[in-house]
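Let's take a walk through this structure together, from its pockets to its cores. Keep the sequence and the 3D view open as you read.

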Amino acid sequence: AHTADLALLDVEDANFWKDMAPLKLGALPRLYENVVCLGFSFPGENACVTRGIVSRVDTMSYVRGAEELLVLQVDSAVNSGNSGGPALDDSGCVAGVAFSSYAGSADNIGYVIPTAIVHNVLNDYLSLLSTIHQAAKKKKKLRWAGLCNLGLGVQTCENPAFRKRKQMSLDQTGVCINRVARLGCGHAAGICVGDIL
């Protein structure tokens, strides 16, 4: 799943999974909820654990030039090599998969692919499982269909002056539609420029 920057790995030795309990996928965490990022940062051979909070829920491209997808920004350091490790919530459930750190002048800003995207990739994989095995036997490459694109351009409604102009209450948030592709699903659903979602 190139667009989602996720890969599924297969371990041939069945003993690898012996006595191992799977982690449960949790829900999308709210702002200021705790997260713990696990991984094996480089350099090193031991597990790395960093703790922080969800500081923003937004969208961004996981891969250069790809569609913008849901992302969690965390103030837990996502160190080099942590990519692919789980980000856990307070109940020990997976809130997402760590995948990036900010390389600019800011410290301790990391990004996590939320479980909603992980669920989508896993569900697509499971629904295509027999097709995948047939393609593997024939040594054919199989292309992932990708994630749904509604054909919408959006602007966040976080600015108080913007919310006031759109007659939104102070506690309301969302996105304002600023572009609708005529052949997209959003247009077919009746979404118009200026709508607030």
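Start with the second largest pocket: its lining divides into eleven nonpolar, nine polar and six charged residues. Bear in mind that you're looking at a predicted model. This pocket holds about 980 Å³ of space. To find it, look for D58, T59, L70, V154 and V175, which are the closest to its centre of the 26 residues that line it. Strands supply much to look at here: β2 (48–61), β3, β7 (152–156) and β8 (175–180) each give at least two residues to the lining.

Now move over to the largest pocket, with a volume of about 1,100 Å³. It has 27 lining residues, and the closest to its centre are A7, L8, L9, W17 and L122. What sort of residues make up this lining? They divide into 22 nonpolar, four polar and one charged. The elements that give two or more residues to it are β4 (86–88), β5 and α1. Of these, α1 gives the most, with five residues.

W17, one of the residues closest to the centre of that largest pocket, is worth a second look. Together with F16, W17 forms an aromatic pair of the edge-to-face kind, 4.8 Å centre to centre and with 90° between the planes. A search of the whole structure finds just this one aromatic pair. Are these two rings buried or exposed? Neither quite fits: F16 counts as partly exposed because its relative accessibility is 42%, and W17 is also partly exposed, with a relative accessible area of 47%.

Next, head for the largest nonpolar core. Twelve residues make it up: A4, L6, Y62, L69, V71, V97, F99, Y111, I113, I117, V118 and V121. Two or more of them come from each of β3 (68–74), β5 (94–101), β6 (110–114) and α1 (115–127). You've met α1 already in the lining of the largest pocket, and α1 also gives the most to this core, with three residues.

For a closer view of the core, pick out I113, one of its members. Which residues does I113 touch, leaving aside its neighbours within four places in sequence? I113 is in contact with A4, D5, L6, Y62, A95, G96, V97, F99 and V118. Apart from this core lies another one, of nine residues, among them L72, V74, A87 and A98.

Technical notes. Residues numbered from 1 in each chain as written. Predicted model: local features only at pLDDT ≥ 70, side-chain atom pairs only at ≥ 80, totals over all residues. Heavy atoms only, no water. Core = buried A, V, L, I, M, F, W, Y, C linked by side-chain atoms within 4.5 Å. Buried < 20%, exposed > 50% of the residue type's maximum accessible area, 1.4 Å probe, protein only. Helix = DSSP H or I, 4+ residues; strand = E, 2+ residues; numbered from the N terminus. Contact = heavy atoms within 4.5 Å. Phe/Tyr/Trp six-rings, centres within 6.5 Å; stacked < 30°, edge-to-face > 60°. 1 Å grid on protein atoms, 1.4 Å probe; cavity = no way out; pocket = protein on both sides within 12 Å on 5 of 7 lines; lining within 4 Å. Points joined across faces, edges and corners; volume = space filled by probe spheres on them. Nonpolar A, V, L, I, M, F, W, Y, C, P; charged D, E, K, R; others polar.
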